[in-house]
Amino acid sequence: MQLHHLTGKKQRTKRVGRGGKRGTTSGRGQKGQKSRSGHRIRPAERDLLIRIPKLRGFRNKPRSEKAILIELGRLAEKLHARAGKGKLTVTLDVLREAGLVPRRYLGSVKILSGGEITYPIALHNIAISSAAKEKIEKAGGNVGI
């Protein structure tokens, strides 16, 4: 004897929600998630996990803003009108007024040697490259830190 030779009464699974003695809803109530077939309520923890932003990858974020680099020729061009009489003292506030540094910028500034300067200036509390320092001193200026 094999399985396909067996005969007998098959037990049918009960089909819920299709009429019968309990009406059309068969004890499931009306509408909503719980009345649907295959309903499953997600745990609240999963919703919280989905809402949390995920950080992807590895990052070493910079601790401070990057320094603004200003070419010496551009500095000379912007400050040319102010250099009428005597030696011009250049500070971070003067660079802000000239439009070389944003007003609310709190980082550092460095002067590079690109371009030429023909009038003397005095730099205070501004980083400067060695080649730019030589050009400023050659024009009669000085660099004080």
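This passage describes a parallel sheet and a nonpolar surface patch in a predicted model. In this model, local features require pLDDT of at least 70 and side-chain atom pairs count only at pLDDT 80 or more, whereas totals for chains, interfaces and linings use all residues. Residues are numbered from 1 along each chain as its sequence is written, and side-chain values use heavy atoms, with hydrogens and water left out.

Three strands (DSSP runs of E, at least two residues, numbered from the N terminus) form an open sheet in the order β2-β4-β6, with parallel pairing. The edge strands, β2 and β6, each pair on one side only, and neighbouring strands of the sheet are turned by 20° against each other on average, direction ignored (axes are lines fitted to C-alpha atoms, and angles run from 0 to 180 degrees between N-to-C directions). Strand pairing requires that DSSP finds at least two bridges between two strands; β2 (residues 88–90) and β4 (residues 121–124) are joined by three. Within this pair, Leu 88 stands opposite Ile 121, and Thr 89 has Ala 122 as its bridge partner. Three bridges likewise join β4 to β6 (residues 142–144), where His 124 of β4 faces Gly 144 as its opposite residue.

A nonpolar surface patch is formed by Met 1, Leu 3 and Leu 6, which together have about 440 Å² of accessible area (Shrake-Rupley method, 1.4 Å probe, only the protein chains shown counting as cover). Patch residues have over 30% relative accessible area and no salt bridge, nonpolar side chains being joined within 5 Å and like charges within 9 Å; a salt bridge places a side-chain nitrogen of Lys or Arg within 4 Å of a carboxyl oxygen of Asp or Glu. Leu 3 is exposed, with a relative accessible area of 74%, where exposed means over 50%, buried under 20% and partly exposed in between.

How values were computed. Buried < 20%, exposed > 50% of the residue type's maximum accessible area, 1.4 Å probe, protein only. Helix = DSSP H or I, 4+ residues; strand = E, 2+ residues; numbered from the N terminus.
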